[in-house]
Amino acid sequence: MSDLQSGVQTLHLTAGYDVERVRRMFPILAQQIYGKPLIYLDSAATSQKPLAVIEAMSHFFLQENANVHRGVHYLSVRATEEYEKARSKVQGFLNAEHVEEIVFVRGTTEAVNLVAQTYGKAQLRDGDEVLISAMEHHSNIVPWQMLCEQTGARLRVAPIDDAGELLLDELERLIGPRTRLVAVTHVSNVLGTINPIRRIVELAHAQGARVLIDGAQAAPHLKIDVRALGCDFYALSGHKMYGPTGIGVLYGRRELLDAMPPYQGGGDMILSVSFEKTIYNKPPYKFEAGTPNMVGAIGLGAAIDFLAALGPEAIAAHEQRVLAYAQKALAAVPGLRLIGTAAQKVGVLSFVLDGIHPHDIGTILDREGIAIRTGHHCAQPLMNRFGLAATARASLGCYSNEQDIDGLVAGLAKVQEVFR
Ligand code: 7TS
């Protein structure tokens with residue numbers, strides 16, 4: 001393709017993505033905060049919700065609510081159908097081979113804990129190793145530390161460079177015959193780095209280790225294909241991908257889920273119970289004890305429909321454009337240092353300002369109607385790696401635009417004026 005043609009195609013793509021139309025789908029964005037238009041730059045913490053998701057959830061409560069997998073009555077059958085339809089949508093979203101590979105959980109945190117306490121506890125022995133990376137969120141660190149305490153296994157950590165990229169040679173060196181599990185994030189919530197998951201999976205599988213991917217920050221931004229990635233487990237949170245809180249997904253390869261012991265005991269996860277013996281249900285139900293978050297699953301299904309309607313490639317192209325604009329604009333702010341400059345990254349912009357504490361940045365920006373996150377972002381070991389206690393972080397979503405970035409830059413000038 002000639003440059004001209006590819007230029008035309010890019011133009012077509014960006015022209016086809018009407019961010020103003022997307023913004024109108026998110027009623028919350030229209031409000032004023034302290035009399036200023038809201039600039040929401042905290043999507044990595046949680047995304048805003050489009051009307052389609054809110055309406056799908058209220059429709060469920062208004063028309064379809066009943067407990068699933070239990071009743072013979074009309075509404076229970078209907079609710080069960082809707083809940084299972086949501087599971088199929090997740091299967092499609094992840095390109096999983098089997099619908100039974102999709103387990104509904106509360107979120108990424110619960111997904112990681114589930115794998116640690118079922119697969120991990122059953123498989124790991126004294127002297128085995130779990131390998132994570134230096135850029136993990138606490139929810140992909142602490143469950144493994146707990147598992148190591150319980151089993152005598154050892155936690156090892158693959159280092160990163162100053163740009164925030166994984167050192168693949170070091171990672172390869174750290175995977176050995178004792179490595180049973182490699183657990184890494186697809187996208188860093190602090191740096192925005194997109195990790196080379198296929199390569200990591202290849203390296204781990206070559207040594208017989210299983211791989212869990214924390215997809216919390218990838219699912220809203222990238223097209224996910226668990227079969228192409230080749231991973232054994234993949235975790236995500238609904239609330240970061242335009243769905244509701246309290247619902248997330250653990251994808252697990254069928255033969256692994258089949259062999260894993262259950263996580264929690266209770267209703268729905270059994271085939272039969274007597275005081276002498278309980279027979280467990282098949283996956284995914286074996287891992288879904290108790291009444292599930294039905295409306296959450298339905299909201300997540302609606303969020304997947306929303307992402308599909310916009311098109312993951314179109315969203316990514318738009319966000320990359322705003323990211324490039326933001327990187328350039330922030331680089332021009334005197335005394336500002338960006339943390340996380342990987343070649344492949346999503347729209348997460350962590351930064352520090354000379355002589356000004358990140359919490360002060362966040363507080364002053366808040367009075368301008370600008371929402372960012374400040375602190376350690378639940379990644380204290382990563383902060384230590386950069387010699388920082390905290391950063392300020394602006395993070396983008398499908399509704400973010402150049403005006404948001406202009407507002408942020410103007411806000412930062414005000415912050416610097418206060419401290420002049
Ligand atoms: N993994 C990553 C990479 C994350 O960014 C988060 C949440 C989690 C796991 C945990 O997800 P949860 O839905 O189970 O809580 N990250 C953030 C953040 O960056 N700001 O607030 C929450």
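How far from an oxygen atom of the ligand does a polar side-chain atom of Thr 109 lie? The answer is 2.6 Å, and the views below start from there. Keep in mind that this is a predicted model.

**View 1. Polar contacts around the ligand.** Thr 109 puts a polar side-chain atom 2.6 Å from a ligand oxygen. Over at Arg 373, a polar side-chain atom sits 2.5 Å from a nitrogen atom of the ligand. His 137 joins in too, with an N or O atom of its side chain 3.4 Å from a ligand nitrogen. As for cover, the ligand on its own has 490 Å² of accessible area, and the protein covers 87% of that.

**View 2. The shell and the pocket.** There are 16 residues around the ligand, and the ones that come nearest are Thr 109, Asp 214, Ser 237, Arg 373 and Arg 393. Sorted by class, the shell breaks down into 9 polar, 4 charged and 3 nonpolar residues. Zoom out a little and you'll see that the ligand takes up the space of the largest pocket.

**View 3. Where the two domains meet the ligand.** The domain assignment splits the chain into domain 1 (3-49 + 310-418) and domain 2 (56-308). Their contact takes 40 residues from domain 1 and 33 residues from domain 2. Measure between C-alpha centres and you get 28 Å from domain 1 to domain 2. So why does the ligand lie between the domains? Because domain 1 and domain 2 both give residues to the shell around it.

Key
Residues are numbered from 1 along each chain as its sequence is written. This is a predicted model: local features need pLDDT of at least 70, side-chain atom pairs count only at pLDDT 80 or more; totals for chains, interfaces and linings use all residues. Side-chain values use heavy atoms; hydrogens and water are left out. A residue is near a molecule or strand if one of its heavy atoms lies within 4 Å of it. A polar contact is a pair of N or O atoms within 3.5 Å; within protein, one must be able to donate a hydrogen and the other to accept it, and residues adjacent in sequence count only if both atoms are side-chain atoms. Accessible areas come from the Shrake-Rupley method with a 1.4 Å probe; for residues, only the protein chains shown count as cover. On a 1 Å grid over the protein atoms alone, a cavity is a set of points where a 1.4 Å probe fits but cannot get out, and a pocket is an open set with protein on both sides within 12 Å along at least five of seven lines; lining residues have an atom within 4 Å of a point. A molecule sits in a cavity or pocket if more than half of its atoms lie within 2 Å of its grid points. Ala, Val, Leu, Ile, Met, Phe, Trp, Tyr, Cys and Pro count as nonpolar, Asp, Glu, Lys and Arg as charged, and the others, Gly among them, as polar. Domain bounds come from an automatic or database domain assignment. Contact means heavy atoms within 4.5 Å.
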